[in-house]
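Here is a set of short exercises to work through with the structure open. Try each task before you read its solution.

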Amino acid sequence: MSKANGAAAKPRTIIEKVWDNHVVAEREGAPALLYIDLHLVHEVTSPQAFSGLRERGLKVRRPDLTIGTTDHSIPTYDRSLPILDKIAEAQITQFEKNCREFGIPFYGPHSDKQGIVHIIGPEQGLTQPGMTVVCGDSHTATHGAFGALAFGIGTSQVEHVLAAQCLLQNRSKTYEVRVEGNLRQGVGAKDIILNLISRIGIGGGTGSVFEYSGSAIRSLSMEERMTICNMSIEGGARAGLVAPDDTTYQYVSGRPYAPKGTDWDRAVALWRQLPTDEGAVFDKHIYIDASALEPMITFGTNPGMGIPITAPVPDPSGLSDPLERDSLGKALRYMDLPAGQSLIGHPVNVVFIGSCTNSRISDLRAAAEIFKGRRVNPNVRVMVVPGSQQVKEQAQAEGLDRIFKEAGADWREAGCSMCIAMNGDQLQPGEYSVSTSNRNFEGRQGKGGRTFLASPLTAAATAVTGVVTDVRTLL
Amino acid sequence: MEKFTKFTSRLAPLPIDNIDTDQIIPARFLKTISKAGLGDQLFYDWRYDAAGNPKPDFLLNRPEGRAAHVLLAGDNFGCGSSREHAPWALTQYGFRAVISTSFADIFRGNSLKNSFLPIAVPADAHKALFAAVAANPEAVVTVDLAQQRLTLPDGSAVTFPIDAFAKQCMLEGVDELGYILQQKPAIAAYEAKRVLTVDTRAGGLNQGQF
């Protein structure tokens, strides 16, 4: 608050406001001690943290601010069948044992609330504006769509938060990503974020937190905002957020863990103070004209190697920096792609619709619109993996599962699946996929597999034609 | 955590930009519940052929790679996934430091918590290091964390940045958790004034267990 003499407080960004609200202590010569409001835990990055607690004889300080689920190594086939991968099974069993021992609530494989950790937080109303949210997963920025400061952490920090509900953190730089204008037909949230990353590169946001703003962001649904925030890490930013507004409050209202009654009114009043003040200064800026965007697709081996779908794959010989030239050349050799040609018409073997980027109900509805009355190309294997059991139930209530199955796509149980290819869902060496996930790194979807990242619309269009397709030709 | 002491070592050059943590340790090796054995899986898909045999021409399979405790990599090292298995694998292989022009945020933080030093150097020093090791694979650098100084093979030196607190932890061989737990009174005082909160236990504890 401003001083009694009426001097105006320094205008702050939402990033600074959320930060300031969570500083527990600041000592000379050390990073700030930051309080964490919500800690999401999953089976892959937590086992060594629980072992650490046991070795030190520590308890979980706030199990009531912690929630666990199994998503990364869990199979997406029928949950009544045994897990064939005994190492994955042991990891899941250990996870549940850890949660029980330390009193952490969890959604196990047979829960109707199980799902990808970044899908279920928002879905259950656990993710709320102004919070600090962490998880041992780099896509934790997804929760930033609610105006939360949400970021991925390593296993040592998972242990810190379990033990103390706090982290040592240095302040990040602030980076405004302003997106103005109306998106054209066939262009969506995934195309905005792939466009941003293609411009700034995968290290462009290192050391920063993004605030996504502008009329194009305001007009997006919460699910679309989550798609954008989700891939902040692909631009190097550990977190990215959108200031809360009525769209946010409408989404959160009435969800199981959302505040109720007078608590709700009090919460909204506080949340309304979060948006960036007029005159607040960001360390960096970028402006994107949404009306100029086309559907985006990646051609290479990192998410910054993206192009408008009609554009040619860039030519390494045009680059002057030798290391950059070698890196692009290496990527094209891995992808086995010629430079100078568009990807349109390139055959694919697999289409994957899922992941914490694009597995929410609106993503499945968008894909189903394309599949309706069409058949999957016989040369393509199509996996549709809902982000959570709740998304799955909703899709089935709307009959989307029938549309997918009648088209010839595989309708699966919830999990990370072929985004990270830990659970048996994977590409074979040399295969190409169009994937709605977030990473196209070498081998990410299976050793030797080659990934084109794109939107659910582009993925569905490719599924029915069998080749990389500009969805606008099917609309 | 081990104390980080000054040392001199050969370099293992990997002149590739944007080496992501999926390359450092592929996701399929993350099903482990311990830290054991990750050093053998470091850079697995670059290091072994389809049958799982070491590729004889890959640096880390050669005596020169084995003799180096400093990895020399391209720009933006460690991007992508937050897996701490990446610095675990690098240290288990025998690396104590990695030199690049920049590091991804989460990887850098994870490394410092494992006494593994990410050394960011200016572009000209970075180029000079690649040139030096190309001319002489036995060229050495000296890493002095206390002085934040990297001595190049030609005897010149560059300073590198590091968070002061992380540096102190590494030099003394203590981890951060002890320091955090010392501040329990401040944490409790903060908790006492929190107004909005969720209770994750409200919906029940062990739902849909395996």
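The exercises below concern a predicted model, and each comes with a worked solution.

**Exercise 1. Chain B as a whole**

Task: Find how many helices and strands chain B has, and what share of its residues is buried.

Solution.
- Step 1. Count the elements. Chain B holds nine helices and eight strands.
- Step 2. Look at its extent. Along the principal axes, the C-alpha atoms of chain B fill a box of roughly 65 × 45 × 25 Å.
- Step 3. Turn to burial. Of the 210 residues in chain B, 44% are buried.
- Step 4. Check the contacts in chain B with a separation of 6 or more. Residues 24 or more positions apart account for 67% of them.

**Exercise 2. The sheet in chain B**

Task: Give the strand order of the open sheet in chain B, then name its edge strands.

Solution.
- Step 1. Trace the sheet across. It has seven strands in the order 4-3-2-1-5-6-7, and the pairing is mixed.
- Step 2. Find the edges. Strand 4 and strand 7 (157-159) of chain B each pair on one side only.
- Step 3. Consider the twist. With direction ignored, neighbouring strands of this sheet are turned by 30° against each other on average.
- Step 4. Zoom in on one pair. Strand 3 (residues 97-100) and strand 4 of chain B run in the parallel sense, with four bridges. In this pair, Val98(B) stands opposite Pro118(B) in strand 4 of chain B.

**Exercise 3. Where the chains meet**

Task: Describe the contact between chain A and chain B, starting with how many residues each chain gives.

Solution.
- Step 1. Count both sides. Chain A gives 79 residues and chain B gives 57.
- Step 2. List the elements on the chain B side. Those giving two or more residues are helix 1 (21-24), helix 5 (105-112), helix 7 (164-172), helix 8 (176-181), helix 9 (184-192) and strand 8 (206-207) of chain B.
- Step 3. Sort the chain B side by type. There are 22 nonpolar, 19 polar and 16 charged residues.
- Step 4. Look for strand pairing across the chains. Strand 5 (residues 106-107) of chain A pairs with strand 8 of chain B in the parallel sense, over two bridges. Opposite Phe106(A) is Asn206(B), in strand 8 of chain B.

**Exercise 4. Domains of chain A**

Task: Split chain A into its domains and examine where domain 2 touches domain 3.

Solution.
- Step 1. Set the bounds. Chain A is divided into domain 1 (14-170), domain 2 (173-244 + 276-292) and domain 3 (297-473).
- Step 2. Take the distance. The centres of domain 2 and domain 3 of chain A, taken over C-alpha atoms, are separated by 22 Å.
- Step 3. Count the contact. Domain 2 of chain A brings 17 residues, and domain 3 of chain A brings 17 residues.
- Step 4. Name the elements on the domain 2 side. Helix 6 (189-200) and helix 8 (222-230) of chain A each supply at least two residues. Helix 6 of chain A gives the most, with five residues.
- Step 5. Sort that side by type. It has five nonpolar, eight polar and four charged residues.

**Exercise 5. Two helices, two patterns of burial**

Task: Work out which residues are buried in helix 8 and in helix 14 of chain A.

Solution.
- Step 1. Start with helix 8 of chain A. Eight of its nine residues are buried, so this helix is largely enclosed by the rest of the structure.
- Step 2. Name them. They are Glu223(A), Glu224(A), Arg225(A), Met226(A), Thr227(A), Ile228(A), Cys229(A) and Asn230(A).
- Step 3. Find the cover. Elements over these residues include helix 4 (117-123), helix 6 and helix 12 of chain A.
- Step 4. Move to helix 14 (residues 400-407) of chain A. Its buried residues are Leu400(A), Ile403(A), Phe404(A) and Ala407(A). Seen down the axis of helix 14 of chain A, they fall within an arc of 95°, so they line one face of the helix.
- Step 5. See what they pack against. The partners are helix 12 (361-371), strand 16 (381-384), helix 13 (389-397) and strand 17 (410-411) of chain A.

**Exercise 6. Two serines**

Task: Find where Ser417(A) and Ser115(B) sit, and decide whether each is buried or exposed.

Solution.
- Step 1. Recall the usual case. Most residues other than glycine have a negative phi.
- Step 2. Check Ser417(A). Its phi is positive, near 55°. Ser417(A) lies in the loop between strand 17 and strand 18 (432-435) of chain A.
- Step 3. Check Ser115(B). Its phi is positive, near 55°. Ser115(B) lies in the loop between helix 5 and strand 4 (117-120) of chain B.
- Step 4. Apply the cut-off: a residue is buried if 20 or more other C-beta atoms lie within 10 Å of its own. Ser417(A) has 32, so it is buried. Ser115(B) has 21, so it is buried.

Definitions and conventions:
Residues numbered from 1 in each chain as written. Chains lettered and ligands numbered in written order. Predicted model: local features only at pLDDT ≥ 70, side-chain atom pairs only at ≥ 80, totals over all residues. Contact = placed C-beta atoms within 7 Å. Nonpolar A, V, L, I, M, F, W, Y, C, P; charged D, E, K, R; others polar. Pairing = 2+ DSSP bridges. Buried ≥ 20, exposed ≤ 12 C-beta atoms within 10 Å, placed from the backbone. Arc of directions from axis to C-beta. Domains from an automatic or database assignment. Axes fitted to C-alpha atoms, helices over the stretch in contact; angles between N-to-C directions.
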